[in-house]
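Got your viewer open? Let's take a walk through this model together, picking out one piece at a time and seeing what sits there.

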Amino acid sequence: MGQRLNFKGVSALLVDRNHYCCSLVAQMLRGFGLQGIVSCETGTAAKEAITGNHFDICVMEADLPDMSGADLITWIRREQKEPLRFMPVLVLSGYTQRRLVSISRDAGANLLLNKPVSAQAVFDRVAWLARTPRSYIETRNYVGPDRRFRETVPPDKVYKRESDVKPDMGTAQAVSAPV
């Protein structure tokens, strides 16, 4: 039997220029048990809503009328308010060319889902975000969730990150390589 999720008390911010799509996704989220759903049509309105409230998840369109979705995600990730920076961001887009997916991912989105969406697909992504905590990384060029989903040996078999561990080591010791 699968694990049950209780979304009671979970709040969401929806950002989409299309009022119909926004209300459809809001209805799906309410059906899953989420409460406190706030909808915005522009990135500017989303920034205002975020500044005055706390949201547990953000579901947004990749292309907003006043800014790109990547710009809004970058703003969220670079904000100094602690819980806001780590808010999971699920991006919805009708355009899933590799370049557009990369832009959202590189801005710090947790997941991307292409439109049209089904209730099952949205639930699966929201449940995955709830069940799978990911560490967040902050560098000069990127702030967001760690994009590595599993521990594997690097393709060139050279460990470069301080957090990388050689599999043959008895204890977990960080290995660094010259840059």
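How many of the five residues of strand 3 (residues 57-61) are buried? Select that strand and take a look. Five of the five are buried, so strand 3 is largely enclosed by the rest of the structure. Keep in mind as you go that this is a predicted model.

**Stop 1: strand 3 and its neighbours**

Stay with strand 3 and show its side chains. I57, V59 and E61 are on one side, C58 and M60 are on the other, and both faces are covered. Now add strand 1 (residues 12-15), which runs parallel to strand 3 and is joined to it by four bridges. Look for L13 here: it stands opposite C58. Next, add strand 4 (residues 89-93). Strand 4 pairs with strand 3 in the parallel sense too, again over four bridges. This time the residue opposite C58 is V89.

**Stop 2: the cysteines**

Since C58 has come up twice, let's check the sulfurs. How many disulfides are there? The count comes to zero. Select C40 and C22: C22 holds the cysteine sulfur closest to that of C40, but at 7.8 Å the two are too far apart for a bond. A disulfide would need the sulfur atoms within 2.5 Å. C58 isn't in a disulfide either, as its nearest cysteine sulfur, in C40, is 8.7 Å away. Both residues are tucked away: C40 counts as buried at 8% relative accessibility, and C58 is buried with a relative accessible area of 0%.

**Stop 3: the nonpolar cores**

Now select L14, V25, L29, L34, V59, L90 and V122. These are the residues with the most contacts inside the largest nonpolar core, which has 23 residues. At least two residues of this core come from each of strand 1, helix 1 (19-32), strand 3, strand 4, strand 5 (111-114) and helix 6 (119-131). Helix 1 gives the largest share, seven residues. In soluble globular proteins, nonpolar side chains tend to be buried together.

Zoom in on L29. Leaving aside residues up to four places away in sequence, L29 touches A12, L14, L34, I37, V59, V122 and V126. There is also a second, separate core of 21 residues, and you can find it by selecting A46, A70, V91 and A109, which are among its members.

**Stop 4: helix 2**

A46 takes us to helix 2 (residues 43-52). Which residues of helix 2 are buried? Colour G43, A46, A49 and I50, which are buried, and then turn the view to look down the axis. The buried residues fall within an arc of 120°, so they line one face of the helix. An α-helix has 3.6 residues a turn, so residues three or four places apart point the same way. On the other side of helix 2 you'll find E48 and G52, both exposed. To see what the buried residues of helix 2 pack against, show strand 1, strand 2 (37-40), helix 3 (69-78) and helix 4 (82-85).

**Stop 5: helix 5 and the loop after it**

Move on to helix 5 (98-107). S102, S104 and A107 are buried in this helix, and their cover includes helix 3, strand 4, strand 5 and strand 7 (143-145). Just past the end of helix 5 comes G108, with a positive phi near 120°.

Then select N110, in the loop between helix 5 and strand 5. Is N110 buried or exposed? Its relative accessibility is 9%, so N110 counts as buried. Show its side chain and look for two polar partners. A polar atom of the N110 side chain lies 2.9 Å from the backbone nitrogen of V89, which brings us back to the residue opposite C58. The N110 side chain also makes a polar contact with the side chain of Y136, at 3.3 Å. Among the other residues that N110 touches are R77, M87, L129 and P145.

**Last stop: zoom out**

Switch to a cartoon of the whole chain. You should see six helices and seven strands, following the pattern β-α-β-α-β-α-α-β-α-β-α-β-β along the sequence. Of the 179 residues in the chain, 38% are buried. And if you take contacts between residues at least 6 apart in sequence, 58% of them join residues at least 24 apart.

Technical notes: Residues are numbered from 1 along each chain as its sequence is written. This is a predicted model: local features need pLDDT of at least 70, side-chain atom pairs count only at pLDDT 80 or more; totals for chains, interfaces and linings use all residues. Side-chain values use heavy atoms; hydrogens and water are left out. Buried means under 20% relative accessible area, exposed over 50%, partly exposed in between (1.4 Å probe, protein chains only). Two strands pair if DSSP finds at least two bridges between them. A nonpolar core is a set of buried Ala, Val, Leu, Ile, Met, Phe, Trp, Tyr and Cys residues joined through side-chain atoms within 4.5 Å. Contact means heavy atoms within 4.5 Å. A polar contact is a pair of N or O atoms within 3.5 Å; within protein, one must be able to donate a hydrogen and the other to accept it, and residues adjacent in sequence count only if both atoms are side-chain atoms. The arc is that of the directions from the helix axis to the C-beta atoms.
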